Amino acid sequence: FTSHSLLMKTISVGHTPDMDDAFMFYAIASGAIPMNGLCFEHVIEDIQSLNQRALKAELDMTAISAASYPALADTYWIVSVGSSVGQGYGPLVIAKQPCSPKELEGRRIGVPGRHTTASTLLRFAVPACVPVEMRFAEIPQAVLDGAVDAGLVIHEWQLTYRDAGLLPILDLGMWWQQAMKLPLPLGLNVVKKSLTRKIAQQATSLLRDSILYAFAHQEEALAYAMRYGRGTDATRSRQFVGMYVNEESLTISKPCREALRILFERGHQAGLLPSVPRLDIIEPAAS
């Protein structure tokens with residue numbers, strides 16, 4: 001006997017417990033689109049954990065921080081869909097008291113993991129700061145408690161920090177936009193080269209179809225995404241998803257490719273990234 005499920009190839013797929021990823025994966029998670037012979041086994045963890053798992057090549061396909069890619073380039077292709085790209089906005093340094101970015105030199109700043117794009121950008125903008133690694137969700141409280149002088153926030157905290165009485169000190173997305181005149185690639189998806197190009201293209205096609213489905217069924221996809229919003233209200237949830245699921249999520253544009261090259265080159269020159277890899281990008285299967 002051979003059941004249909006035995007004929008399907010299962011691949012492990014890592015993504016974050018955040019609204020933008022949930023929105024993009026909604027159609028796959030809910031069975032709304034045909035899987036064409038593939039079965040996704042979802043692994044949902046914070047981005048720093050996914051970066052570390054990718055370094056050990058534990059997942060077949062996964063979301064990563066863009067700044068992690070140079071260490072993974074031998075093992076993974078970049079997936080052309082599902083990227084999170086800021087357009088003049090991005091990770092934010094917050095504090096209890098007003099201060100200038102210059103005053104962050106020598107200060108302890110809570111960061112959401114050393115391998116994140118946010119941490120790499122902070123080191124570009126404030127080279128002499130003292131990064132203190134912690135889970136992203138713990139950073140605002142660490143600032144409030146005085147455990148760190150400032151915090152680098154990602155995800156929905158970019159919109160909700162004022163509710164906790166915290167102040168914006170430096171928007172790294174705006175800083176990058178002013179310095180580079182380019183979008184800011186924060187998160188990428190990657191797929192293992194050992195899967196073969198054919199299966200990698202198939203998986204890429206499924207993610208693209210899932211994103212297109214979410215765009216066409218925004219209300220239901222947003223309702224699903226809000227399960228991962230940690231209490232974020234509907235208006236901010238819609239705003240957050242719109243910030244990071246956009247036209248750059250369906251293809252890696254020329255400006256975005258240029259931005260990735262600059263990110264890798266600057267990171268390598270600063271001794272933060274191991275190399276400047278070739279952008280090895282896998283596209284969806286030709287239909």
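This is a working chat about the sheets, helices and loops of the structure above.

Q: Before we start, what kind of model is this?
A: It's a predicted model, where local features need pLDDT of at least 70, side-chain atom pairs count only at pLDDT 80 or more, and totals for chains, interfaces and linings use all residues. Residues are numbered from 1 along each chain as its sequence is written, and side-chain values use heavy atoms, with hydrogens and water left out.

Q: OK, sheets. What's the strand order in the six-strand one?
A: That open sheet runs 2-1-3-10-4-11, with mixed pairing. Strands here are DSSP runs of E with at least two residues, helices are runs of H or I with at least four, and both are numbered from the N terminus. Two strands pair if DSSP finds at least two bridges between them.

Q: Which strands stand at the edges?
A: Strand 2 (38–44) and strand 11 (281–282). Each has a single partner strand, so one side of each is left without a neighbour in the sheet.

Q: And how do strands 3 and 10 pair?
A: Strand 3 (residues 61–65) and strand 10 (residues 184–192) are antiparallel, with five bridges. Ile64 has Leu188 in strand 10 as its bridge partner.

Q: Which strands does helix 8 touch?
A: Helix 8 (residues 197–216) packs on the sheet and touches strand 1 (9–15), strand 2, strand 3, strand 4 (76–86), strand 10 and strand 11. Touching, or contact, means heavy atoms within 4.5 Å. The direction of helix 8 makes about 20° with that of strand 4. For angles like that, axes are lines fitted to C-alpha atoms, for helices over the stretch in contact, and the angle runs from 0 to 180 degrees between N-to-C directions.

Q: What about helix 11 — what does that one touch on the sheet?
A: Helix 11 (residues 254–269) touches strand 4, strand 10 and strand 11, and its direction makes about 90° with that of strand 10.

Q: At what angle do helix 7 and helix 11 pack?
A: About 100°, with the axes of helix 7 (residues 172–180) and helix 11 13 Å apart. The two are therefore roughly perpendicular (65 to 115 degrees).

Q: Which residues meet there?
A: Trp175, Trp176 and Met180 from helix 7 meet Ala259, Ile262, Leu263 and Arg266 from helix 11. By class, the contact has six nonpolar residues, no polar and one charged. Ala, Val, Leu, Ile, Met, Phe, Trp, Tyr, Cys and Pro count as nonpolar, Asp, Glu, Lys and Arg as charged, and the others, Gly among them, as polar.

Q: Switching to helix 3: which residues are buried?
A: In helix 3 (residues 47–55), Ile47, Gln48, Ser49, Leu50, Asn51 and Ala54 are buried. Buried means under 20% relative accessible area, exposed over 50%, and partly exposed in between (1.4 Å probe, protein chains only). Their cover includes strand 1, strand 2, strand 3, strand 4 and strand 7 (130–133).

Q: What follows helix 3?
A: Ala57, with a positive phi near 55°. Ala57 is in the loop between helix 3 and strand 3, and at 26% relative accessibility it counts as partly exposed.

Q: Where is Thr196?
A: Thr196 is in the loop between strand 10 and helix 8. Its phi is also positive, near 85°. Most residues other than glycine have a negative phi.

Q: Last one: what's the order in the five-strand sheet?
A: 7-6-8-5-9, open and with mixed pairing. Strand 7 and strand 9 (167–171) are the edges, and the twist averages 30° from one strand to the next.

Notes: Angles under 35 degrees count as roughly parallel, over 145 as roughly antiparallel, 65 to 115 as roughly perpendicular and the rest as oblique.
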